[in-house]
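The following paragraphs lead the reader through selected parts of one structure, moving from single residues to the packing of helices. Please keep the sequence and the model in view while reading.

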Amino acid sequence: MTTAPSIDQVFDFDALLSEEERTWQQKARTFAQERLLPVIEEDFEQKHFRREFVKELGDLGFLGMHLKGYGCAGAGAVSYGLVCLELEAADSGWRTFVSVQGSLAMSAIHKYGSEEQKNRWLPGMAAGDLVGCFALTEPQGGSDPAGMTTTARRDGDGWVIDGAKRWIGLASLADVAVVWAKVDDPSGAFGEGGSAVRGFLVPTSTPGFTATPIDGKLSMRASVQCDIELDGVRVGDDAILPGARGLSGPFGCLNEARYGIVWGAMGAARSCLEAAISRSTSREVFGKPIGANQLIQAKLADMFLEVEKGILLALHLGRLKERGALTPAQISVGKLNSVREALAIAHEARAILAGDGITNAWPVMRHAANLESVRTYEGTDEIHQLILGRELTGLNAF
Ligand SMILES: Cc1cc2nc3c(=O)[nH]c(=O)nc-3n(C[C@H](O)[C@H](O)[C@H](O)COP(=O)(O)OP(=O)(O)OC[C@H]3O[C@@H](n4cnc5c(N)ncnc54)[C@H](O)[C@@H]3O)c2cc1C
């Protein structure tokens with residue numbers, strides 16, 4: 001029997017990366033292997049989010065790493081994607097943390113915040129001293145943010161926010177929440193003259209802000225998502241993000257996070273494929289390794305194709321992003337494809353592992369369960385199909 005090379009060696013993907021990109025990837029792979037993997041099965045089982053890793057991720061430069069200034073690393077889009085891939089190869093929960101902190105909360109402040117807001121929040125968030133969350137989804141349906149019912153009412157020299165949000169990552173641990181609300185400013189005194197979606201930076205210690213972790217999750221168990229209640233939350237004018245007007249504000253951030261998922265889901269897929277290969281060469285049935293059967297090899301080959309195609313697609317999108325040319329429809333291609341194929345790979349790997357595949361002796365069921373969340377957040381499959389359908393036909397079918 002010849003020794004099986006690692007997946008990376010088969011394709012020589014490294015040759016397409018710069019030295020700097022490989023360094024970021026290696027840093028994330030080392031963190032994933034040395035810090036996350038030894039504890040992740042237990043954390044998933046115990047529903048435990050390891051807060052102490054936040055500071056370590058900050059020290060490594062991963063938080064808001066694609067942003068420039070304010071203590072952020074200013075790395076390229078491909079470097080950021082590779083970090084997402086390596087973290088999600090350990091667990092989607094930790095890539096999700098980096099996405100929520102860096103691509104959603106920090107991006108919102110970086111893109112739309114005043115200088116004062118950026119200086120107040122971004123350096124601490126990049127360092128992992130402060131945690132942010134991004135509160136867009138509401139209990140009555142996340143796919144249509146235009147239907148949000150949370151309001152910010154003009155009151156004296158500030159705003160009063162009322163409403164509810166659901167599924168908000170990290171909200172119970174966060175120091176600041178980026179809350180999206182419809183402003184109610186009929187007099188136009190603040191320049192709105194009606195209602196429009198605006199973003200508010202709400203310190204989570206503000207009276208009336210309550211975040212309650214959602215229990216009973218069978219997915220993303222090593223991370224935290226919450227219900228938020230906003231009950232007469234009073235903030236000043238300095239809380240409003242001056243650069244975000246309308247839904248293009250939150251969508252600008254969602255596109256950043258969706259881009260990270262294109263890479264991240266392929267990390268989970270790679271781990272599932274590695275588990276299937278390992279089992280194929282070690283498990284003997286009918287007097288030979290199961291991987292010596294053509295039917296098993298056909299499955300491994302097909303899984304390998306999709307991992308490599310997915311990573312190449314992610315790299316293409318990353319290079320477009322670095323040139324400032326990446327479009328929302330292209331991001332939808334990547335998000336839809338990566339998560340769909342990663343889930344299919346996780347399911348096929350589980351079948352190859354058979355009985356033992358349903359236990360936590362292997363990471364595959366955990367990845368499969370996590371990927372169900374990844375499939376739903378940042379736009380469900382159907383939402384991305386509708387975006388692509390509109391792109392192809394010019395007809396809006398939402
Ligand atoms: C683990 C996790 C973390 C999350 N983190 C955050 C976060 O940090 N911040 C945040 O704001 N949100 C977050 N979310 C929320 C997430 O973005 C929403 O769950 C998602 O947008 C879907 O909303 P929903 O669950 O309310 O489903 P719904 O919107 O109720 O959709 C139900 C189903 O209907 C389908 N559907 C809806 N409209 C159409 C249509 N026009 N045509 C065809 N099908 C349609 C959907 O695809 C879906 O299958 C998170 C969710 C999860 C599970």
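A residue counts as exposed when its relative accessible area is over 50%, as buried when that area is under 20%, and as partly exposed in between. The model discussed here is a predicted one. Lys68 has a relative accessible area of 58% and is therefore exposed. Lys68 is located in the loop that joins α3 (52–59) to α4. When neighbours within four places in sequence are left aside, the contacts of Lys68 are Gly74 and His110. Lys68 and Leu326 are 258 residues apart along the chain, and their C-alpha atoms are separated by 18 Å.

The loop that holds Lys68 leads to α4, and helix α4 covers residues 77–90. Is Glu88, a residue of this helix, buried or exposed? Glu88 has a relative accessible area of 0%, so the residue is buried. The side chain of Glu88 forms a polar contact with the side chain of Ser92, at 2.8 Å. Beyond the neighbours within four places in sequence, Glu88 is in contact with Arg95, Gly264, Ala265, Gly267, Ala268, His367, Leu371 and Val374.

A second polar contact involves Gln25, a residue of helix α2 (residues 19–46). The side chain of Gln25 meets the side chain of Glu86 in a polar contact of 2.8 Å. Gln25 has a relative accessibility of 9% and therefore counts as buried. With neighbours up to four places away left out, the residues in contact with Gln25 are Asp14, Leu17, Leu82, Leu85, Glu86 and Arg270.

Several of the residues that Glu88 touches, among them Ala265, Ala268, His367, Leu371 and Val374, also take part in a contact between two helices. Two packed helices are described by the angle between their axes and the distance between the axes. Helix α7 (residues 248–282) and helix α10 (residues 364–376) have axes 10 Å apart, at an angle of about 160°. How are these two helices oriented with respect to each other? An angle over 145 degrees counts as roughly antiparallel, and α7 and α10 are therefore roughly antiparallel to each other. Their crossing is left-handed. On the side of α7 the contact is made by Ile261, Ala265, Ala268, Ser271, Cys272 and Ala275, and on the side of α10 by Val364, His367, Leu371 and Val374. By class, the residues of this contact are 8 nonpolar and 2 polar, with no charged residue.

Helix α7 packs with helix α9 (residues 328–353) as well: their axes come within 8 Å and cross at roughly 20°. This angle makes α7 roughly parallel to α9. The crossing of α7 and α9 is left-handed. The contact of α7 with α9 comprises 19 nonpolar, 4 polar and 4 charged residues.

The account now turns to strands and the loops between them. Leu136 belongs to the loop between β1 (132–135) and β2 (151–155). With a relative accessibility of 9%, Leu136 counts as buried. Apart from residues up to four places away in sequence, Leu136 touches Pro145, Met148, Lys165, Ile168, Trp180, Pro250 and Leu254. Leu136 lies 115 residues from Phe251 in sequence, and the C-alpha atoms of the two are 10.0 Å apart in space.

Another loop, between β6 (209–213) and β7 (225–236), contains Met220. Although Met220 is not a glycine, the residue has a positive phi of about 50°. Met220 is buried, with a relative accessible area of 2%. Ile214 is placed in the loop between β6 and β7 too, and Ile214 is buried at a relative accessible area of 12%. Ile214 and Arg198 are 16 residues apart along the chain, while their C-alpha atoms are separated by 26 Å. Not counting residues up to four places away in sequence, Ile214 touches Arg166, Trp167, Gln225, Cys226 and Asp227.

One of these residues, Trp167, is part of strand β3 (residues 158–169). Trp167 is not a glycine, yet has a positive phi of about 70°. What is the accessibility class of Trp167? With a relative accessible area of 43%, Trp167 is partly exposed.

How values were computed:
Residues are numbered from 1 along each chain as its sequence is written. This is a predicted model: local features need pLDDT of at least 70, side-chain atom pairs count only at pLDDT 80 or more; totals for chains, interfaces and linings use all residues. Side-chain values use heavy atoms; hydrogens and water are left out. Axes are lines fitted to C-alpha atoms, for helices over the stretch in contact, and angles run from 0 to 180 degrees between N-to-C directions. Helices (H or I, at least four residues) and strands (E, at least two) are DSSP runs, numbered from the N terminus. Angles under 35 degrees count as roughly parallel, over 145 as roughly antiparallel, 65 to 115 as roughly perpendicular and the rest as oblique. A crossing is left-handed if the near helix is turned anticlockwise from the far one by less than a right angle, and right-handed if clockwise. Contact means heavy atoms within 4.5 Å. Ala, Val, Leu, Ile, Met, Phe, Trp, Tyr, Cys and Pro count as nonpolar, Asp, Glu, Lys and Arg as charged, and the others, Gly among them, as polar. Buried means under 20% relative accessible area, exposed over 50%, partly exposed in between (1.4 Å probe, protein chains only). A polar contact is a pair of N or O atoms within 3.5 Å; within protein, one must be able to donate a hydrogen and the other to accept it, and residues adjacent in sequence count only if both atoms are side-chain atoms.
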